[in-house]
Amino acid sequence: MDVVDILEKSLEILKAYPLCDSCLGRLFAQMGYALENWERGFSIKTMLHMKLVTLFRQGVDVTTDLKSLARIHKPTRRFLSTIGITVEEAQCYICGGLLSNVERFAKEAVSKVDGIEFETFAVGTTIPREILERESEVVKKFLVSTGESIKHEINRRIGKELLRLLGRRVDKQRPNILIKIDLINGKIDIVKNPLLIEGVYLKLSRRISQAKKFGNVKSSLLEKLQYIRDMYGGVEHIIHVSGREDSDARMLGPGRPLVVEIKQPTKYKGLPHLYSDGDVIFIPLGFTTRDEVRKLKEKAKTDIKLYRALVYSDRPLSEEELRKLAELSGKTVVQYTPRRIKRLNPRKKRTRMVYEIVWRFISSHVFELYVRCQGGLYVKEFIHGDGGRTTPSVAEILNTYLEVLELDVLSIE
Ligand SMILES: [Zn+2]
C-alpha cells in the first residue's frame, strides 16, 4: 500500500464514518515507525485536505469529499465556511471522543496508589462493548489488515502515561499492584496482590502449633509471624508450610520451609528481619511465587525425614531386646488414620517407608530412637502402634506398651 492508496482508502472510510485522528491512524498502525496513531491520522487528514483544496481550486467538484472530511477536520471546516458552506463537527464513530485524552485515567489512577510502596504494576481496562463492536464493523467493512486494536492502543497509552508518572516497572505476569480501569463507568480500582515471603523456621518449644491454638499450646507460628504482616502493612496473613509436625514436637536442624502470605500489603519493598524468641526462629530468605508455594507443598510428600524420639516402656526392657528393632529398617508401614486425627476418615489407609531405625538404651524403661522415613509417616503411631492400627510398629516388635515422651524433627532431606 503506497501513500496514494492510503489517502484513497482513508477518504473512502471517512466518507462512511467520521473518525478522530487516533481511530483513523490506528487503521494504519503497522505502517511507519515510532509514530503514535493520532500522528498518522492527523497527517492523513492534512494530506487529504491539501489534495482536495487544490482540486477544488482547479475547478474539480470535490465538495462532497470536503464535507466528509470537514466533519472531523477543523481546517477543512474553516475552508468550507469561506465559500459559504457550514459543516457541523461530528463525534468519532468508533470511540466517541474517548481517545482524545485517555491519559486522564492514568492521572486519576496515580492519586489512588498514593501511600502504597510498590515496585511493579500492570494495567487492565474494561472497554465498552459498543466501542469494540463499532471498531470491528469498520475494520471488516474496509478489510483493514494494517491496524492495531483499540483495546491495545488504550492499554498501551494508559500504561505509557503511568510509566511516566510513576517511574515504576511494568510486570504483566506478577505485578505488585494491578490498576483496573473501567472505561464504562469511569471507576478505577487498585488490586493489591499478596506478597509471598519464603523462609525456614525452627521450633524449639513443645507448646507451639502451626496455626490453630488448642490444649496446652501457648502460641502458634502464625501468631509469631504477625510482625511480618505489620511490616508490610497487610490486612491479613496466612502461612503455607511444607508438611507439619505435631505441636508438641520440636523442629530442629536446618528447619522446615515456610511461606508467609501477606494479603493486601501497602508495602512491597525490603525483607523482614530474622525472628528469634526462644520458642521459634524464622529465617526469611526472599520473595517467592504462587508456583513455588505449590511445589513446596507437593515436595512434602516425597521428603525424607529424620526423627528423634524419647520413648517410655511399660515393661522393663533389656539392651539386648532392643536389637530386635533392626528388623524395622527398610520396612513398609501400613497405617490407618490415627485415632487422634478426627477430621480424616478413620478407615483411610496410608503406606510409608521406614528406611532406617537406630536406638540407644538409656534405662530399663526409657530408650531413644532415631527414625529415617518417608514424609507423611505418622511417627508416634509407628512407635506405639495405635492399638494395632499401625503395623508393623515398635511396640508390636518389643511386645510392650509404649509412650512417646518427646519427639523432634532433626532434618528434612
Ligand atoms: Zn476515535
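A residue counts as buried here when its relative accessible area is under 20%. Keep that cut-off in mind as we walk through this structure, which is a predicted model.

Let's begin with helix α6, which spans residues 104-112. Three of its residues, F105, A106 and A109, are buried. Where do these residues sit around the axis of α6? They cover an arc of only 100°, so they fall on the same side of the helix. As for their surroundings, the buried residues of α6 pack against helix α8 (150-166) and against two strands, β3 (177-182) and β4 (187-192).

Next, have a look at the zinc ion. Its coordination comes from the SG atoms of C20, C23, C92 and C95, at 2.3 Å. What geometry does the site of the zinc ion have? The angles among the four donor atoms run from 104 to 113°, and the site is tetrahedral. Along the chain, the donors are spaced as C-x2-C-x68-C-x2-C. Because C23 lies in helix α2 (residues 21-26) while C95 belongs to the loop between α5 (74-82) and α6, this pair ties together parts of the chain that are 72 residues apart in sequence.

Are these two cysteines buried or exposed? C23 has a relative accessible area of 0% and is buried. C95 has a relative accessible area of 5%, so it is buried too, given the cut-off of under 20%.

C95 deserves a little more of your time. From its place in the loop between α5 and α6, C95 touches C20, C23, I131 and I150, leaving aside residues up to four places away in sequence. Two of these, C20 and C23, also appear among the zinc donors. You can also trace C95 to P128: the two are 33 residues apart along the chain, and their C-alpha atoms are separated by 9.5 Å.

Finally, step back to the whole chain. How is the protein chain divided into domains? Domain 1 covers 3-82, domain 2 covers 102-191, domain 3 covers 195-299 and domain 4 covers 304-412. For domain 3 and domain 4, the C-alpha centres lie 28 Å apart. Twelve residues from domain 3 and eleven residues from domain 4 take part in the contact. Between them, domain 3 and domain 4 bury about 940 Å², with 45% of that area on carbon and sulfur atoms.

Key
Residues are numbered from 1 along each chain as its sequence is written. This is a predicted model: local features need pLDDT of at least 70, side-chain atom pairs count only at pLDDT 80 or more; totals for chains, interfaces and linings use all residues. Side-chain values use heavy atoms; hydrogens and water are left out. Buried means under 20% relative accessible area, exposed over 50%, partly exposed in between (1.4 Å probe, protein chains only). Helices (H or I, at least four residues) and strands (E, at least two) are DSSP runs, numbered from the N terminus. The arc is that of the directions from the helix axis to the C-beta atoms. Contact means heavy atoms within 4.5 Å. Donors are N, O and S atoms within 2.8 Å of the metal (3.2 Å for Na, K and Ca); water is not among the atoms, so sites may look incomplete. Four donors count as tetrahedral if all angles lie between 85 and 135 degrees; four count as square planar and six as octahedral if opposite donors are over 155 degrees apart and all others between 65 and 115; anything else is irregular. Domain bounds come from an automatic or database domain assignment. Buried area is the accessible area (1.4 Å probe) that two parts lose on being put together, summed over both.
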